[in-house]
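Let's take a walk through a protein together. Keep the picture open beside the text and find each spot as we come to it.

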Amino acid sequence: MTKPSLPDLLHAAVSAVGGTERPGQVAMAEAVAEAIDDNSHRLIQAGTGTGKSLGYLVPALAHGERVVVATATLALQRQLVERDLPRTVEALHPQLRRRPQFAMLKGRSNYLCLHRLHEGAPQDEEDGLFDQFEAAAPTSKLGQDLLRMRDWADETETGDRDDLTPGVSDKAWSQISVSSRECLGATKCAYGAECFAEAARERAKLADVVVTNHALLAIDAIEGAPVLPQHEVLIVDEAHELVSRVTGVATGELTPGQVNRAVKRAAKLVDEKTADALQTASETFERVMELALPGRLEQIPEDLGYALMSLRDSARNVISAIGATRDKSVHDEDAVRKQALAAVESIHGVAERITNGSEYDVVWYERHDRFGATLRVAPLSVSGLLREKLFEDRSVVLTSATLKLGGDFNGVAASLGLSAEGVEGDDVPVWRGLDVGSPFDYPKQGILYVAKHLATPGREGTRGDMMDELAELIEAAGGRTLGLFSSMRGAKAAAEELRGRLDNPILLQGEETLGELIKSFAADPKTCLFGTLSLWQGVDVPGPSCQLVVMDRIPFPRPDDPLMSARQKSVEEHGGNGFMAVAATHAALLMAQGAGRLVRASGDRGVVAVLDPRLATARYGSFLRATLPDFWYTTDRNQARRSLAAIDATAKVDGK
């Protein structure tokens, strides 16, 4: 039987989802197929509306070997598993003569643990949160959630937290879930045969396509113990997020509360002397943390160093003692021991990592008004880890609407541990970049307006001229505004100010769940939605409800961000331009994602307004503008207002 051609397969898949074939999608599918055949690597930028999911799924399914698809967001995972994959598999079946299997796989703590549900969470003596579900006050939100989850456990087929609607708080979910370290293991657990996490792993082992998230991909790479099944092809969607997700997984933290909980759990299982040593170390650490001031620790202060060594050594002794003891008087002894071990091992690992002191780690204090101080340690860079773990023994395709920063792929490639495009040599993964463009006509559909006349934003204080400009733009647009702010303080200040000035409803992130806010914003064209980071990347509102996207300022990282400033300094020490490599690249990525909120469909029209004159006047402005969609560019404030008023008038005539 002749092998079906890729164009025929793509045509069948696109027809099945009621879509239209686009040149960019065809080019992408061909590039993915080529990378799979050559066992090579690709970075593919595919703009909004390209249909990139099918652009990689069709060649992946046609390939016939196992493929892992890793995404950053839950929304895309669900779209792939619930919509794109079922339709594509059915559409390709007549030509492939097979129905490839697919499955979703997440970290263990995302699944309901039946042992925890039925036997109860081993509780700290003083917590007394509830005596297994019955004692949870059914009138409390936590008690109601626990009872609802118990009923859900009898119905769910997956045990996946994301299938529980409405969702529950992290605190409630922690009562019925375990981390991989706390898990007893299927062979030791009375519920091992029914375990949801184990069932998900088994499905993944049998699947042709495994959909997972960046975090699990990072755990698979960092921990050395394989979590994902063997696979020949890895496709990373939303790849612009990968470095930050991997950094998050590789970041350790210590808080006094976390150490205290570990002490309580361990005290039941070890002799008094060993428990007292950990208790003393915990108290010493807590005293040091009470005086901690936010910021990077380039050298570990003597008092902190002593506290960490005490924690490390006493935690090591507790770990040895827990492994050697048995106490049948402890209810559900194995689970209690596993939870205590997990808590103490976590503390030992972070204390030892900071004590050992690596030039490749950044250590800093954070202070939260409510939760007090936290000690954190993160890798200066994850590029070496990614180069070593990601690109060996498989073909890797990384794709996103935003991979070319300042006009080329090399900035993102460097963050992934790759050399410049075309560079070859021993142990250098060879890759090629491809920009398949977008089906949208950006110069005709959108305007990039930079408010060049405004004052340069300072670090603090309200910007009266910016508020006036924002109010005038919103009035010209008739509402229809998504306000993207570089800080939550800025978003709140703008919402409070403009609610007093304008008749338009202004929604503010944090006042309702993000899903509800976006739904309300999309439903009423007069409404505006203001917020910060998750809105820069998480809003998909095609049509007339979003015709003005405003960025209050270029979203550079804060100068006092310990990790970003350490990375910037490191680049400079190696002879590079730290500002361009770190701060400007960070800002370019966010701005490209933010500007991408404007045009989501072929009929969309609107303005992206940047209320920061540096985008027009600073030397780095051209780098940032080259990363944005190719909108028609102006600094003429009257032109921007006239265009917005015309777009608003057209929408009103159309009854929208």
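Asn39 sits in the loop between helix H2 (23–38) and strand E1 (41–45). This is a predicted model, and in it Asn39 has a positive phi of about 55°, although the residue is not a glycine. Is Asn39 buried or exposed? Well, a residue has to be under 20% relative accessible area to count as buried and over 50% to count as exposed. Asn39 has 47%, so it is partly exposed.

There is another residue with a positive phi to look at. Glu238, which isn't a glycine either, has a phi near 55°. You'll find Glu238 in the loop between E5 and H10; strand E5 covers 233–236 and helix H10 covers 242–249. At 14% relative accessibility, Glu238 counts as buried.

While we're on backbone details, go to Pro166, in the loop between helix H6 (141–155) and helix H7 (170–174). The peptide bond from Thr165 to Pro166 is cis, and its omega is near -10°.

Now zoom out to the whole chain. How many helices and strands does the protein chain have? There are 26 helices and 18 strands. The radius of gyration is 27 Å, and the globule rule gives 26 Å for 656 residues; those values are close, so the chain is as compact as a globular protein of that length. Along its principal axes, the C-alpha trace spans about 75 × 70 × 60 Å. Of the 656 residues, 52% count as buried.

What about the contacts in the chain? Take the ones between residues at least 6 apart in sequence: 76% of these join residues at least 24 apart. As for the outside, the accessible surface of the protein chain comes to about 29900 Å², and 49% of that belongs to carbon and sulfur atoms. Charges come next: there are 73 positive and 93 negative side chains, and the centres of the two sets lie 3 Å apart.

Back to one helix, H15, which runs over residues 383–390. Which residues of H15 are buried? They are Ser383, Leu386 and Leu390. Look down the axis of H15 and you'll see these buried residues fall within an arc of 65°, so they line one face of the helix. Their cover includes E5 and H10, where we've just been, along with helix H9 (214–223), strand E10 (395–400) and helix H16 (410–415).

In the loop between strand E9 (372–379) and H15 you'll meet Leu380. Its relative accessibility is 16%, so Leu380 counts as buried. Setting aside residues up to four places away in sequence, what does Leu380 touch? The list is Glu359, Tyr360, Asp361, Val362, Ala566, Arg567 and Ser570. Leu380 and Lys492 are 112 residues apart in sequence, and their C-alpha atoms are 32 Å apart in space.

Our last stop is Phe521, in helix H20 (residues 514–523). With a relative accessible area of 0%, Phe521 is buried. Leaving out neighbours within four places in sequence, the contacts of Phe521 include Arg480, Thr481, Leu482 and Leu507, as well as Thr527, Cys528 and Leu529. Val541, Ser545 and Cys546 are in contact with Phe521 too. Finally, try finding Thr48: Phe521 and Thr48 are 473 residues apart in sequence, and 20 Å apart in space from C-alpha to C-alpha.

Notes
Residues are numbered from 1 along each chain as its sequence is written. This is a predicted model: local features need pLDDT of at least 70, side-chain atom pairs count only at pLDDT 80 or more; totals for chains, interfaces and linings use all residues. Side-chain values use heavy atoms; hydrogens and water are left out. Helices (H or I, at least four residues) and strands (E, at least two) are DSSP runs, numbered from the N terminus. The radius of gyration is taken over C-alpha atoms; the globule rule is 2.2 Å times the number of residues to the power 0.38. Buried means under 20% relative accessible area, exposed over 50%, partly exposed in between (1.4 Å probe, protein chains only). Contact means heavy atoms within 4.5 Å. Accessible areas come from the Shrake-Rupley method with a 1.4 Å probe; for residues, only the protein chains shown count as cover. Lys and Arg count as positive and Asp and Glu as negative; His and the chain ends are not counted. The place of a charge is taken as NZ of Lys, CZ of Arg, CG of Asp or CD of Glu. The arc is that of the directions from the helix axis to the C-beta atoms.
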